[in-house]
Amino acid sequence: MNQQPKRALIVIDVQNEYVTGNLRIEYPPIEQSMANIATAMDAATAAGIPVIVIQHLLPEDAPIFASGSHNAELHPLVANRPRDHFIQKRMASAFAGTDLAAYLRQQRIDTLSVVGYMTHNCDDSTVRQARHEGWQVELLHDAAGSPLTATPWAAPRPRRSTGCSAWSCTPASPRCSAPATGCRPWKPAKYRRPTTSTSPTSGPCVPAE
């Protein structure tokens, strides 16, 4: 008989800086990813899955995520929701210089569901380190995102080589009530440049028809 995984939801850096600040999330649209982050948090709480909220902070004179600034604060969508553990970090990985690993082991967590920002930086760093240290990882790719300026064609899709499973948690999916109950698996699609892009060198990737 297979034992059910014991999950935790890791909510990475959902801060004003990414919504109204100097490093705005553009792909997928911030409204979409934020709604899916809220859905994942509510579902996790309802299912008794620990919710761990991460906040990135830099020195007070930093151009982004400056400690004490409005932009560095958690966005109300996350700040006003229940959480079981809270971590402040200064490096990309949520494990680096924090008590995240110790907390997960104390709670006997074996599987992490990851949401938040940015897909190509803090999400990627956290997912890779988690996998290297022995956890199973699920990245909810439509509850994450990146600026288009950092990723010219799109927020990078999860790489299978990391050992991370990628899941889609859109509210429209009847199978997506919680990470614990099984979101529909992400499947790679062919991508093409958008024909209506105003720039020949940038713009979101869209599924090929």
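**Exercise 1. Helix α2 and its packing**

Task: List the buried residues of α2, then find what they pack against.

Solution.
Step 1. Buried positions in α2 are Ile30, Ser33, Met34, Asn36, Ile37, Ala38, Ala40, Met41, Ala43 and Ala44. The model is a predicted one.
Step 2. Look at the spacing. An α-helix has 3.6 residues a turn, so residues three or four places apart point the same way.
Step 3. Now find the partners. The buried residues of α2 pack against β1, α1, β2, α3, β4 and β5.
Step 4. Check the helix length. α2 has 18 residues, and its first and last C-alpha atoms are 26 Å apart. That is close to the 26 Å expected at 1.5 Å a residue.
Step 5. Inspect the exit. Gly48 comes just after α2 and has a positive phi of about 75°.

**Exercise 2. The nonpolar cores**

Task: How many residues does the largest nonpolar core have, and which have the most contacts inside it?

Solution.
Step 1. The largest nonpolar core has 24 residues.
Step 2. Those with the most contacts inside it are Leu9, Val11, Ile37, Met41, Val78, Val115 and Tyr117.
Step 3. Assign the sources. At least two residues of this core come from each of β1 (7-12), α2 (30-47), β2, α3, β4 (111-117) and β5 (136-145).
Step 4. Rank them. α2 gives the largest share of this core, 7 residues.
Step 5. Look for a second core. Another one, of 21 residues, lies apart from it; Ala8, Phe95, Ile109 and Leu112 are among its members.
Step 6. Zoom in on one residue. Leaving out residues up to four places away in sequence, Val78 touches Val11, Val14, Ile37, Met41 and Val53.

**Exercise 3. Aromatic pairs**

Task: Classify the pair formed by Tyr18 and Phe65. Then say which parts of the chain it ties together.

Solution.
Step 1. Count the aromatic pairs: there are 3.
Step 2. Take the geometry of Tyr18 and Phe65. The ring centres are 5.2 Å apart, with 65° between the planes.
Step 3. Apply the angle cut-off. Planes over 60 degrees apart count as edge-to-face. The Tyr18 and Phe65 pair is therefore edge-to-face.
Step 4. Place the partners. Tyr18 lies in helix α1 (residues 16-19) and Phe65 in the loop between β2 and α3, so the pair ties together parts that are 47 residues apart in sequence.
Step 5. Check exposure. Tyr18 is buried at 2% relative accessibility, and Phe65 is buried at 3%.
Step 6. Extend the set. Tyr18, Phe65 and Tyr117 make up one aromatic cluster.

**Exercise 4. Strand β3**

Task: Which residues of β3 are on its covered face, and which on the uncovered one?

Solution.
Step 1. Start from the rule. In a regular strand the side chains alternate between the two faces of the sheet.
Step 2. Sort the residues of β3 (85-89). His85, Ile87 and Lys89 are on the covered face. Phe86 and Gln88 are on the uncovered face.
Step 3. Find the neighbour strand. β2 and β3 pair in the parallel sense, over 5 bridges.
Step 4. Fix the register. His56 stands opposite Lys89 in β3.
Step 5. Check the ring of Phe86. Arg83 lies over its face, 4.5 Å from the ring centre.

**Exercise 5. Backbone outliers**

Task: Locate the cis peptide bonds from Tyr27 and Tyr117. Then locate the positive phi values of Phe65 and Arg108.

Solution.
Step 1. Set the baseline. Most residues other than glycine have a negative phi, and most peptide bonds are trans.
Step 2. Tyr27 to Pro28 is cis, with omega near -10°. Pro28 sits in the loop between α1 and α2.
Step 3. Tyr117 to Met118 is cis, again with omega near -10°. Met118 is in the loop between β4 and α5 (119-132).
Step 4. Phe65 has a positive phi, near 55°.
Step 5. Arg108 has a positive phi of about 60°. Its loop runs between α4 (100-106) and β4.
Step 6. Add exposure. Arg108 is exposed, at 69% relative accessibility.

**Exercise 6. Asn71**

Task: Is Asn71 buried or exposed, and which residues does it touch?

Solution.
Step 1. Asn71 is in the loop between β2 (51-56) and α3 (76-79).
Step 2. Its relative accessible area is 19%. Buried means under 20%, so Asn71 is buried.
Step 3. Not counting residues up to four places away in sequence, Asn71 touches Gln15, Asn16, Glu17, Gly21 and Asn22.

Note on methods
Residues numbered from 1 in each chain as written. Predicted model: local features only at pLDDT ≥ 70, side-chain atom pairs only at ≥ 80, totals over all residues. Heavy atoms only, no water. Helix = DSSP H or I, 4+ residues; strand = E, 2+ residues; numbered from the N terminus. Buried < 20%, exposed > 50% of the residue type's maximum accessible area, 1.4 Å probe, protein only. Contact = heavy atoms within 4.5 Å. Phe/Tyr/Trp six-rings, centres within 6.5 Å; stacked < 30°, edge-to-face > 60°. Lys NZ or Arg CZ within 6 Å of the ring centre and 35° of its normal. Core = buried A, V, L, I, M, F, W, Y, C linked by side-chain atoms within 4.5 Å. Expected span 1.5 Å × (residues − 1). Pairing = 2+ DSSP bridges.
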